[in-house]
Amino acid sequence: MSDDVAEKYLDELIETKKLDDFINAKDYKFRKLGLRFQHSFKNFKTGMKEINHYIIDSNGKKILQGTSSIDKEGILFNVFDVSFDYKGQDISKAMYELIKKYNFEKIECSFPAKSMKDNYDAFMKVYKNVLDNKVEAALSTPAGKSITKIFENKFKPTNITITEGKNVNMYWEKK
């Protein structure tokens with residue numbers, strides 16, 4: 001490994017630790033449970049970035065809670081799968097807060113009815129009851145609420161589609 005590569009790797013490790021410390025210093029509910037946040041970051045030669053989000057339990061066990069990727073066009077895609085025991089403990093908020101530190105232009109979201117049930121159900125409830133308003137429905141989802149709050153209302157839902165296969169797809173673009 002060349003000195004330049006080693007130095008870049010060390011810089012990324014130090015920055016990753018600083019970002020984890022930043023998240024863990026916040027008053028998230030999971031911190032009151034004795035859990036800590038940790039992430040890993042990988043830059044690919046293709047220009048894609050990958051971020052893995054973990055919770056560390058009181059025994060030091062590292063539990064994957066989600067993965068984010070940012071492609072070379074600046075589109076962020078997340079797959080958050082917060083453990084059942086930790087739902088409602090601000091873990092998704094912490095993951096979005098971390099992602100905020102990375103550069104991207106828009107967020108791609110997909111809410112399949114089977115695997116993203118909370119978001120899908122919240123969207124469909126509002127969509128069916130508020131005159132087919134897809135934007136209001138997107139804003140009502142747990143993901144929409146987190147995106148709006150964490151990114152300080154700087155993104156808006158666009159290109160919202162509902163597929164016959166029971167998926168809701170959309171982008172959140174910078175205003």
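This report describes the overall build of a predicted protein model and then one of its helices, α6.

## Overall fold

The protein contains six helices and seven strands. Read from the N terminus, its elements follow the order α-α-β-β-β-β-α-β-α-α-α-β-β. Its radius of gyration is 17 Å, and the globule rule gives 16 Å for 175 residues; the two values are close, so the protein is as compact as a globular protein of that length. The C-alpha trace spans about 60 × 40 × 30 Å along the principal axes.

Of the contacts with a separation of 6 or more, 45% join residues that are 24 or more positions apart.

## Surface and charge

Of the 175 residues, 39% are buried. The accessible surface amounts to about 10,500 Å², and carbon and sulfur atoms account for 51% of this area.

The protein carries 31 positive and 26 negative side chains. The centres of these two sets are 5 Å apart.

## Helix α6

Helix α6 covers residues 142-150, and its buried residues are A143, G144, S146, I147 and I150. Viewed down the helix axis, these buried residues fall within an arc of 165°, so they line one face of α6. On the other side of the helix, K145 and K149 are exposed.

Several elements help to cover the buried residues of α6. Among them are the helices α3 (91-99), α4 (117-129) and α5 (134-140). The strands β5 (106-112), β6 (155-163) and β7 (167-174) also take part in this cover.

Just after α6 comes E152, which has a positive phi of about 50°.

How values were computed:
Residues are numbered from 1 along each chain as its sequence is written. This is a predicted model: local features need pLDDT of at least 70, side-chain atom pairs count only at pLDDT 80 or more; totals for chains, interfaces and linings use all residues. Side-chain values use heavy atoms; hydrogens and water are left out. Buried means under 20% relative accessible area, exposed over 50%, partly exposed in between (1.4 Å probe, protein chains only). Helices (H or I, at least four residues) and strands (E, at least two) are DSSP runs, numbered from the N terminus. The arc is that of the directions from the helix axis to the C-beta atoms. Contact means heavy atoms within 4.5 Å. The radius of gyration is taken over C-alpha atoms; the globule rule is 2.2 Å times the number of residues to the power 0.38. Accessible areas come from the Shrake-Rupley method with a 1.4 Å probe; for residues, only the protein chains shown count as cover. Lys and Arg count as positive and Asp and Glu as negative; His and the chain ends are not counted. The place of a charge is taken as NZ of Lys, CZ of Arg, CG of Asp or CD of Glu.
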